[in-house]
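Hi,

Here is the structure I said I would pass on. Have a look at it, and then read on for what turned up when I went through it.

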Amino acid sequence: MTILTLKAIRKLYQKGERSVEALRGLDLTIDKGEFLAIVGPSGSGKTTLLNIVGCLDTPTTGTVLYDGTELHDMTERELSEYRKEKISFIFQSYNLIPVLTVRENVELPLVIEKKLGKAEMASRAVDMIRAVGLAGMEDRYPRELSGGQEQRVAIARALVKNPLVVLADEPTANLDSKMAEEIVALMQEINRTRETTFIFSTHDAMVQGHARRVITLHDGSIRSDERKAAE
Amino acid sequence: MNTILTIAVRNVLRNKRRTVLTAITMTAGIAFFIMLDSLFSGMDRGAIDNMVNLALSSVKITTRAYEADHEAFPLDYGINNLRDTEAFLLKQKRVKAVAPRTSFLAQLSNYENSLPVLGIVVDPEKDKRVFTLADYTKGPGFSSDSKREIILGSDLAKELGVKPGDPITLSARSRFDAQNADDFTVAGVVTTSDPTLNKSAVYISFEAANDFIDLGGLVTELDVSLERRTNLADFVADSRGVALAVSTAFPELYAQSFRELGAGFLALLKQKRSWSLMIILIVLLIAAVGIVNTVLMSVYERIREVGVLRAFGLEKAEIVRMFLFEGTIIGLVGSILGVILGALSVWYLTAVGYPVDKFFGNISGGMPIWGTLYGEWNPGTMAFAFCFGVATAVIASIVPARKAAGLEVTNALRFV
Ligand SMILES: Nc1ncnc2c1ncn2[C@@H]1O[C@H](COP(=O)(O)OP(=O)(O)OP(=O)(O)O)[C@@H](O)[C@H]1O
Ligand SMILES: [Mg+2]
């Protein structure tokens, strides 16, 4: 089932006099439950693409269709509303809120969503923390965790609201290879058990190796789109 | 509590030093304002007490006929049913004492010089219970036989070169318009904070006046003293109440409350209030700059955090609320501490007082005040300063808060 369609996406950045074309007419279809890596050299447009897919930014031209809904005409507020419901993020530098505990950080998307009661939010957060292997650390603050643990919390935070898509811009770039491996394995496991769609960018061949589909960008265009049969 | 507000609170707590430093300006400003206001009020109150105790009294009663012609100090319109009026007054709420007085124009001379004066006829016993002149009098004061005794203002005494015990001549028109002159002995010299009294007041007793100007017990004025009230407004209200009761019960009488008696001074007070308002405005402006700065710093430190919150769908209004709340907490801390510190200093000023003469010698800058200056409790000022402080903090936080909310999400996330 297709959940996301990009048609002829172009993105121009104005840099003083010059304009940079970060994406040059990109077409892409993504199905539910994919585990997709976006790779390519620095400056090839990976972050730009993820921002557009994540409704954080709008393309200069082209259309984005989510679940059949066209995002083109949406106001910033509507985009934010859409993000709140369907999209989650994992960041390279974890970006946990330093003054909130692990449990509070994981609860945060639910708090923003304002759909559930207090007890329900807490129990979901605790379940999610257990799922990423951090049971017992609920009341710790981010500064009391290792980088790998922080990224696990970030994954729990991204998944707690059961999003349609999780977007991760270089989620393992700040981790050593052992921790990176663990994090990808965790993402993969969640992808398998919950059928959550993951789209992540990476420079790391090992991480790329876990993906079932790899899109290679070059100069804002798709150079290759390879699928692997499920292991 | 809402998680967004929790974030705000914890950030304020995390940056304790910064919070305290920012709040301190506000604390100092508010405390200073409260203290100054208390001191001003105390100064004003001291001046009012002096006016009331030396010349004006709390309620002044004359007849309507007298009032129409009062500038001439006529001896034609006495208060008729003196006993009833006095009894009526003493029955009114918070009335402590009543004293009769009669004023007349006269000349005072030492055989060389002659000066125009205002004669004030008093009942020495009753007068003491309404006015505190005795506290400012040098000399023995009126004796039991006061027929030939006179008390005069210090400037007069100086000008005419007399001291207690010296003879002096007073001349005036009698009640029946005959010119009379008589020799008196100076029984006292009054030095007050009221220059008019010092320059022109001459006191003799009814006993003396009956003889000297054929007064025949004529009383042109009744002066009333009221229980002291902490709050000036309460005092004015009491005074108005008594004046109204008298005017209603005795239509021929003219009763002036302190609102009329002290009208000029009360108007001056209002003007001074606007000065202390200026002070709080300036100080809080400085505090506001501090808050803008601190909240702005807070925004810059947390640009990426703002990006994350927005990426997860938090609305702009909530981001604004978060930073507004931070500023508000700082304002609350500053204002609460300011009111506490202000209240402590007011407590000191009311209990211990501020020795004016010790600090300024005997010049009191034209204020009718000396000795120890006491502060006044003014809960209204404290409430006002508190609200003003918090409001300043909220308003000061608006600019940085909106700046945070206006950040582009993608830029905020890339920010290092
Ligand atoms: N906000 C911006 N303003 C101007 N130019 C931008 C902006 N963001 C990205 N670009 C430009 O667009 C191009 C693509 O950038 P992008 O960040 O998407 O690349 P990337 O593949 O994520 O690179 P990296 O691997 O270094 O993260 C680059 O040439 C970059 O300089
Ligand atoms: Mg990038």
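Start with two helices of chain B: H11 (residues 263-301) and H13 (residues 316-351) have axes that come within 10 Å and cross at roughly 140°. Keep in mind that this is a predicted model. An angle over 145 degrees would count as roughly antiparallel, so H11(B) and H13(B) end up as oblique to each other. The crossing of H11(B) past H13(B) is right-handed.

Which residues make that contact? On the H11(B) side you'll find Ile291(B), Thr294(B), Val295(B), Ser298(B) and Val299(B), and on the H13(B) side Phe323(B), Glu326(B), Gly327(B) and Ile330(B). Sorted by class, the residues where H11(B) meets H13(B) are five nonpolar, three polar and one charged.

H13(B) also meets helix H1 (residues 3-14) of chain B, with the two axes coming within 9 Å and crossing at roughly 35°. H1(B) passes H13(B) in a crossing that is right-handed. From H1(B), the residues involved are Ile4(B), Leu5(B), Ile7(B), Ala8(B), Val9(B), Asn11(B) and Val12(B). Facing them from H13(B) are Glu318(B), Arg321(B), Met322(B), Phe325(B), Glu326(B) and Ile329(B). The class count for H1(B) with H13(B) is nine nonpolar, one polar and three charged residues. If you click on Glu326(B), note that it is listed in the contact with H11(B) and again in the one with H1(B).

Then there is helix H2 (residues 16-56) of chain B, whose axis comes within 9 Å of that of H11(B), at a crossing angle of roughly 175°. Over 145 degrees counts as roughly antiparallel, so that is the label for H2(B) and H11(B). The contact of H2(B) with H11(B) takes in 21 nonpolar, eight polar and six charged residues.

A few single residues are worth a look too. Phe325(B) sits in helix H13 of chain B. Is Phe325(B) buried or exposed? Neither, quite: its relative accessibility is 26%, and buried would need a value under 20%, so Phe325(B) counts as partly exposed. Setting aside neighbours within four places in sequence, Phe325(B) is in contact with Leu5(B), Ala8(B) and Val9(B). Those three also appear among the H1(B) residues that meet H13(B). For a sense of scale, try Phe325(B) and Ser103(B): they are 222 residues apart in sequence, and their C-alpha atoms are 66 Å apart.

Leu314(B) lies in the loop between H12 and H13 of chain B. With a relative accessible area of 4%, Leu314(B) is buried. What does Leu314(B) touch, not counting residues up to four places away in sequence? Its partners are Ser80(A) and Ile112(A) from chain A, plus Ile4(B), Leu309(B) and Ile319(B) from chain B. Ile4(B) is 310 residues away from Leu314(B) along the chain, yet their C-alpha atoms are separated by 9.6 Å.

Over in chain A, Arg152(A) belongs to helix H5 (residues 147-159). Arg152(A) is buried, at 17% relative accessible area. Beyond its neighbours within four places in sequence, Arg152(A) is in contact with Val132(A), Leu134(A), Glu182(A), Ile183(A) and Leu186(A).

Chain A also has two backbone details to check. Glu195(A) has a positive phi of about 60° although it is not a glycine, and you'll find it in the loop between helix H6 (177-194) and strand S8 (197-201). Asp219(A), another residue other than glycine, has a positive phi near 55°. Asp219(A) is in the loop between strand S9 (213-218) and strand S10 (221-227) of chain A, and at 48% relative accessibility it counts as partly exposed.

Last, the confidence scores. Chain B averages a pLDDT of 87, and 95% of its residues score at least 70. Among the elements of chain B, helix H12 (residues 303-311) has the highest mean pLDDT, 95, while helix H14 (residues 356-360) has the lowest, 54. Over residues 360-369 of chain B the pLDDT is below 50, and this stretch has 17 contacts in the model beyond near neighbours in sequence. For the complex, the predictor gives an ipTM of 0.94 and a pTM of 0.76.

Cheers

Definitions and conventions:
Residues numbered from 1 in each chain as written. Chains lettered and ligands numbered in written order. Predicted model: local features only at pLDDT ≥ 70, side-chain atom pairs only at ≥ 80, totals over all residues. Heavy atoms only, no water. pLDDT = per-residue confidence, 0-100. Helix = DSSP H or I, 4+ residues; strand = E, 2+ residues; numbered from the N terminus. Contact = heavy atoms within 4.5 Å. Axes fitted to C-alpha atoms, helices over the stretch in contact; angles between N-to-C directions. Parallel < 35°, antiparallel > 145°, perpendicular 65-115°, else oblique. Left-handed = near helix turned anticlockwise from the far one by under 90°. Nonpolar A, V, L, I, M, F, W, Y, C, P; charged D, E, K, R; others polar. Buried < 20%, exposed > 50% of the residue type's maximum accessible area, 1.4 Å probe, protein only.
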